[in-house]
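Trainee: Before we talk about labels, could you show me the model that we are going to discuss?
Mentor: Here it is, and afterwards you may ask me how each label is earned.

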2 protein chains.
Amino acid sequence: MIGMDDGPKAPPTLHDVAREAGVSIATASRALNGSSRNVRSENASRVRAAAAKLDYEPHLSAQAIAKGSTRTVALVVRDVADPYFSSIAAGVTQAAQECRLIVTMAVAGGSPERELEIVRTLRGRRPRVIIVAGSRVDGSGTRGTLVEELTEYRTAGGRVVLISQRDLPFGTVTIDNRGGAERLARALLAAGYRRFAVLHAQERIRTSRERHDGFLAGLRHAGVPEPLAIETGFTRAGGYEAARRLVERGVADVEAVFAVNDVMAIGAMTGLRDAGIVPGRDIGVAGFDDIDAAVDVVPALTTVAVPLREAGLTAMRLALSDEETADHSLPTNVVLRESTPPRPPT
Amino acid sequence: MIGMDDGPKAPPTLHDVAREAGVSIATASRALNGSSRNVRSENASRVRAAAAKLDYEPHLSAQAIAKGSTRTVALVVRDVADPYFSSIAAGVTQAAQECRLIVTMAVAGGSPERELEIVRTLRGRRPRVIIVAGSRVDGSGTRGTLVEELTEYRTAGGRVVLISQRDLPFGTVTIDNRGGAERLARALLAAGYRRFAVLHAQERIRTSRERHDGFLAGLRHAGVPEPLAIETGFTRAGGYEAARRLVERGVADVEAVFAVNDVMAIGAMTGLRDAGIVPGRDIGVAGFDDIDAAVDVVPALTTVAVPLREAGLTAMRLALSDEETADHSLPTNVVLRESTPPRPPT
DNA sequence: TTGTACGCGTTATCAG
DNA sequence: CTGATAACGCGTACAA
């Protein structure tokens with residue numbers, strides 16, 4: 001035990017494996033990761049044995065640099081803790097695992113600048129595909145730069161897929177926000193609701209805008225008053241806060257609240273209740289997304305189901321397919337629950 | 001436009017930047033990423049200009065291989081879509097971003113074999129730190145191998161942090177599951193509850209076992225009957241299903257249900273309600289974790305608050321500190337809400 | 001089938 | 001302060 005060095009011991013390299021197996025590095029490489037099967041089976045098994053004995057793992061960075069490509073998928077989301085994005089992430093991760101790809105996740109936090117910076121540095125990792133999941137906001141000035149950056153990435157052989165952002169020259173998985181919101185509006189009209197408040201986020205956030213517009217479109221020609229629009233954050237806290245504001249203003253003239261996503265709607269329900277107004281009895285509430293929690297709140301939340309997990313899966317498939325710039329649209333479904341009980345005509 | 005080649009155009013390399021700036025590669029390297037500032041400022045700015053013009057991004061794999069270390073944090077979770085893990089992930093991501101580290105996420109899905117395989121291939125990426133967030137189950141046979149694998153990784157200079165698993169020779173962030181559950185039990189006793197059912201997961205899942213044990217410990221010496229134990233999945237669906245089973249069996253003799261985590265508790269509340277039993281009125285319900293949704297369900301869920309996001313932050317800090325194997329314990333707090341109203345003594 | 005030798009994009013060493 | 005040049009670990013033509 002003299003002269004033992006406990007400092008960091010370098011992991012075994014292919015070189016070590018080759019030496020242990022008594023073959024050249026090239027043979028070892030072929031035996032372990034070689035595309036061509038041309039290695040004598042006896043040698044092959046000796047190499048595998050040596051690798052197992054030394055607990056060898058190929059250095060992925062070295063492989064990446066030698067082969068010129070990685071097995072990585074980069075996913076950009078706004079917030080990991082938001083069920084909307086974590087469901088998408090789950091889908092992407094699942095699909096990636098089936099293809100033996102590894103997904104790395106970056107959080108943009110709703111800032112276009114941050115998002116741009118992320119995509120930029122992401123390029124340095126040379127991922128095989130980049131998936132950007134709807135943190136995009138319009139008119140931010142960084143949009144052109146982002147498109148440029150992604151285009152350049154694709155020119156270098158990368159795959160780009162955008163979730164929930166139409167009109168950009170990349171593969172996109174889009175969600176029928178407009179149509180879903182429109183059908184929701186009509187369903188609520190059919191249930192007897194006439195006077196609405198809409199809780200939405202900044203106009204720059206596309207998803208919010210599309211759902212808002214769709215809802216208004218569904219109301220058009222129904223002869224109902226223009227809904228009250230309340231702008232707030234795209235989060236649970238935003239919904240809560242907006243509900244409080246709504247109550248302060250007075251809710252006598254609103255029969256139902258539509259929040260542009262479920263976390264906002266759920267926050268709003270709590271906000272209303274905290275102010276003494278019972279959702280589903282005193283006022284209808286509807287959301288959008290159909291996250292798991294929608295059936296656990298009371299009353300269960302009326303919403304528009306979005307196949308989030310599938311959006312992630314589809315995005316991966318699209319990325320791996322050879323269509324450069326296909327647009328895959330996912331349908332949405334109105335789900336009526338107890339938060340918007342049928343309302344007797346006045 | 002003759003002879004244009006639209007095939008994948010290789011991204012610019014340091015070589016290109018150097019040529020553009022009229023300096024050597026070495027100088028370019030130093031100007032852009034060099035630790036030492038010893039490069040004439042005029043040359044430095046020329047290099048930076050060239051890099052910007054060519055839209056150069058350093059090839060991270062190449063850097064990794066040259067420097068022998070990456071700027072990556074690998075996070076292993078059971079399920080991205082579970083708020084428990086996504087909150088932790090949010091914390092890790094935040095802390096990582098502050099240190100300009102990139103986090104890559106792998107999903108083990110509750111399988112120890114899968115988890116082991118993940119850690120193994122993770123080593124190939126040579127991350128700077130590996131954080132394993134409680135997907136571990138005991139007595140799975142893979143445990144020894146996992147420890148071995150992680151030890152080897154650490155020997156090679158990597159940092160390991162485990163979240164919510166004591167007794168392993170690595171840095172750990174542990175959560176006071178036992179103590180929290182014990183205090184919860186006492187709080188429920190104080191509120192007048194005497195007869196309980198516990199919804200727990202398999203005994204092999206440590207977190208579940210600790211919370212279960214702690215709860216029983218809190219009940220001890222109180223002269224109350226042994227709680228009814230119902231084993232089910234560690235998920236929302238598990239909670240729902242267990243509640244249905246409980247109802248089938250008959251709930252006349254149980255005054256409160258303790259589920260070992262919030263998603264189970266929330267699922268159980270819905271399950272009870274679907275069976276005509278109103279949580280908070282007919283029966284008390286309590287959970288563990290205090291996820292966001294706990295305040296949005298009705299009645300609001302009594303639970304034990306766990307600083308999940310902070311667990312992620314702490315894990316990163318621990319990883320970056322130089323203590324090889326510290327144990328940082330996070331406190332938990334009982335939060336009584338409407339799902340367990342005080343119960344008049346019989 | 002196997003081995004030698006070179007290249008991948010960077011950093012680090014060591015003379016100038 | 002700068003520029004050759006040798007690593008880093010691996011894949012792969014090319015030659016044997």
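**From values to labels**

Trainee: This is a predicted model, and my first question is why A:C99 counts as partly exposed.
Mentor: The relative accessibility of A:C99 is 31%, and since buried means under 20% and exposed means over 50%, A:C99 falls in between and therefore counts as partly exposed.

Trainee: What makes B:C99 partly exposed?
Mentor: The reasoning runs along the same path: B:C99 has a relative accessible area of 30%, which lies between the limits of 20% and 50%, so B:C99 is partly exposed.

Trainee: How many disulfides does a search of the whole structure find?
Mentor: The search, taken over all chains, finds 0 disulfides; to be counted, a pair of cysteine sulfur atoms would have to lie within 2.5 Å.

Trainee: Which residues lie nearest the centre of the second largest pocket?
Mentor: They are A:A81, A:D82, A:P83, B:A81 and B:P83, from a lining of 47 residues, and the pocket has a volume of about 1200 Å³. Among the elements that give two or more residues to this lining are α10 (236–249) of chain A and α10 (236–249) of chain B, while α5(A) gives the most, with 4 residues.

Trainee: What is the make-up of that lining by residue class?
Mentor: The lining of the second largest pocket divides into 24 nonpolar, 6 polar and 17 charged residues.

Note on methods
Residues numbered from 1 in each chain as written. Chains lettered and ligands numbered in written order. Predicted model: local features only at pLDDT ≥ 70, side-chain atom pairs only at ≥ 80, totals over all residues. Heavy atoms only, no water. Buried < 20%, exposed > 50% of the residue type's maximum accessible area, 1.4 Å probe, protein only. 1 Å grid on protein atoms, 1.4 Å probe; cavity = no way out; pocket = protein on both sides within 12 Å on 5 of 7 lines; lining within 4 Å. Points joined across faces, edges and corners; volume = space filled by probe spheres on them. Nonpolar A, V, L, I, M, F, W, Y, C, P; charged D, E, K, R; others polar.
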